[in-house]
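Reader: I am new to reading structures, and I would like to learn how to go from a single residue to the packing of helices. Could you take me through it step by step?

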Amino acid sequence: MVHAQSLTKKYGDFTAVDGIDFEVAPGESFGLLGPNGAGKSTTMRMVGAVSSRTGGDLSVLGLDPDTHGPQIRAQLGVVPQEDNLDAELKVRDNLIVYGRYFGLSRAVCAARADELLDFAQLTEKAQAKVDDLSGGMKRRLTIARALINTPRVLMLDEPTTGLDPQARHVLWDRLFRLKEQGTTLVVTTHYMDEAEQLCDRLVVVDHGRIMAEGSPAALIREHSSREVVELRFGSTRNAAVAAELEGVGDRIEVLPDRILIYTPSGEDALEHVSRAGLHPTTSLVRRASLEDVFLRLTGRSLIE
Amino acid sequence: MSAPSLSTSPTTAAPVAAPHRRAALYVAEHQFRSMLNYKWTVVMVGVGTPLFYLLGIGLGLATLLDADLASGPGGPVPYVVFVAPALLASATVSVATEEFTYTVMSGFKWRRVFWGINATPVEPGSIVSGLVIAVAARMAFGSLLYLALMLAFGAVGDLWTVWLLPLVGVLGGLAFGLPLLAYASTLKDDNGQFAAVQRFVFTPLFLFSGTFYPLETLPSALHWIGWISPLWHASELGRVLSYGAVKPAWVTAVHVLVLLAFAIGGWLIARRTFTRRLR
C-alpha cells in the first residue's frame, strides 16, 4: 500500500525526515513511534500526498504522490493531529460536506453519514454542534469523517493525544474494529501503550531516522529484557545505589527519579537487591514495554 | 457496547478517479452551508445598507444640494441617481472586506477547515475558486437587492442598461477583494491587520474615490487615489450603465480592464499563496 525508500524531507537546512525506508502491506496496521519532532507528521504529510518529498522514492497505492496527488487522496482517510472539523456545521453535516469533496452524491453522503455516526457512536449527536462535543467525541467524528470515502488506507496522526483514558479506550475499540474488518491503518503516536494496542508492526523514529523496526513484541524481545524492575531510593541516592547493584540483571539504567533493572526475572533481581541490604522506598516489577525499547535506543524518554 | 458493522466496500465505495472539475463547486457548497449560519446578517446587510443610504441621501443630503454634480445624455441627473451606483459598488467591496479576510483566517487558523479540505482530492487552487464562487454569489445577491431598492427609489436613469449593474458590483467587489484574499492568505495571525484594512484602505477609498462627489472635485494632486481604486473604477462603470454618464468609450474600457486586472491578478496570487501554504 505504501512503499518508501530513502524518503527525505528538508526545510532549508533542517532535515525533518532523513532517508527512511518502510513498507505498509494491505490490511496491516503500521505505526510510526517517536517523540515530538521526530519527523512522524512530516512523513504522514508526504504519504498523504499534501507535501512533496525532497528526495528518495515514495509510492502510495501504487501511485507517485508528486504526480497523482488527487488520485491518491481520493483513496485515503486522514485523521490529523489537530481536529479541523467545521464548528459552524452540525455533526452530521460535517460528514456530508466532507463526502462531497470526494465526489459522492448527496444521497450517498447522507446514507454513509448515518452509517458512520452509528459506528462512531454519535448517532444521538447527529444534530448537535461540533463545539458541544467532548474531545473524545470530536476525535471519533474526525475518524468517521475520514472514513466517508471508504478509504483503502486510514492514516491517523496521534489519534488519542490529549484524550482522557476512558475516551482513549473507546477510540481504540473503534480502531480495532476497523482493523478487524481489514482496513489498513497507518498510525503515528508517542504513546507506547497505543502502539502496542494498535500496531502489528512499527518503526521507531528519532531525528528523522528509523532506529528500529518490527512488531511490538519483537522489538521488546530484541532491545529489552523480559521484565523490568523499577526502584526508587530518592533522587539523591539513586546514582550511588546503582553502583552497588552492578551485575544484577542484564543491564541497569539510572534515570533522575528511579533505577531500572532489565532482567529475565524481576523477582530474582529484587531478591538480589534485598540480599545486598538495600531497601528502596518503592519497587515495582513489570513487563518490558516499548518505552524501554525507546530508552535503550535513544537514551531518552519518549514524550519530551 | 454495540458493534455496528461498517461497510468497507459495497455500494457506497468511493470513486477512484479524482473529481477534479467540480471541486470548486463542492467548496462553494460548503461555504454556502456556512453562510446559512449568518444568513440573517447577509440579508439584513443586503437590505439595510441600501435602504439606509438611499433614504438618508435621497431624502436628506440630496435636498440640500443645489449644484448639478453629474449629467447623462439627457442632461443633469438627480444626486441620488449619481451616487447610487457607487453605493452599490461600495456595498460589494464591503462584503469583500469581510469574506476575504476573516473567512480566510478562519479557514487556515481558527476552524482550520482548509486543512481538512486539503486532505481530500481537492487542490488548493479549487479552494480559492470555491471561495470566490461563494462570495461572488453573496455579492450578486446583495447587488440585486440594491438594484431593486434603487429602482424603488427611482435612483436609476437608463432602464435598459441598469440590469448590468449587479455584474459591475460583483466585478468591483472581486477587484478589491481578490488582492485582499491573496494578502489574507499570507497571514498567520490576525493582529489587527483586517481592521486596519477596513479603516485605512476601505474607508479612505469610500470617501476619496468619487463615491459621493466626482473625483474631479478633489484637488488634482489627489486624483491618483481614484485611479488606483477598484471602487472608483466600479463606480464610474456603474454610472455609465445606470444613467449613461457621458464619457469616451476608451475610458469605459479602461475601467473594465483595470477591474479585470485587479481581480485576475489577485486570483492568481491567491492561488499561489494558498498552494504554498497548504502544500
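Reader: Where does A:Ala195 lie?

Author: In this predicted model, A:Ala195 belongs to helix H7 of chain A, which covers residues 192–198.

Reader: Does A:Ala195 count as buried or exposed, and why?

Author: A:Ala195 counts as buried because its relative accessibility is 1%, and buried means under 20%.

Reader: Which residues is A:Ala195 in contact with, leaving aside its neighbours within four places in sequence?

Author: With those neighbours set aside, the contacts of A:Ala195 are A:Leu33, A:Thr189, A:Leu202, A:Pro216 and A:Leu290. One of them, A:Pro216, is 21 residues apart from A:Ala195 along the chain, with 7.4 Å separating their C-alpha atoms.

Reader: How are two packed helices described?

Author: The description uses the angle between their axes together with the distance between the axes. In chain B, helix H3 (residues 79–99) packs with H7(B) at an angle of about 35 degrees, the axes being 8 Å apart, and the crossing of this pair is right-handed.

Reader: Which residues of H3(B) and H7(B) meet?

Author: From H3(B) come B:Leu88, B:Thr92, B:Val93, B:Ala96 and B:Thr97, and among the residues they meet in H7(B) are B:Gly169, B:Phe176 and B:Leu180. Sorted by class, this contact has seven nonpolar residues, six polar ones and no charged ones.

Reader: Where in chain B is confidence lowest, and where is it highest?

Author: The mean is lowest, at 84, in strand S1 (residues 71–72) of chain B, and highest, at 97, in helix H7 (residues 165–184) of chain B. Over residues 9–15 of chain B, however, the pLDDT is below 50.

How values were computed: Residues are numbered from 1 along each chain as its sequence is written. Chains are lettered from A and ligands numbered from 1 in the order in which they are written. This is a predicted model: local features need pLDDT of at least 70, side-chain atom pairs count only at pLDDT 80 or more; totals for chains, interfaces and linings use all residues. Side-chain values use heavy atoms; hydrogens and water are left out. pLDDT is the predictor's confidence in each residue, from 0 to 100. Helices (H or I, at least four residues) and strands (E, at least two) are DSSP runs, numbered from the N terminus. Contact means heavy atoms within 4.5 Å. Axes are lines fitted to C-alpha atoms, for helices over the stretch in contact, and angles run from 0 to 180 degrees between N-to-C directions. A crossing is left-handed if the near helix is turned anticlockwise from the far one by less than a right angle, and right-handed if clockwise. Ala, Val, Leu, Ile, Met, Phe, Trp, Tyr, Cys and Pro count as nonpolar, Asp, Glu, Lys and Arg as charged, and the others, Gly among them, as polar. Buried means under 20% relative accessible area, exposed over 50%, partly exposed in between (1.4 Å probe, protein chains only).
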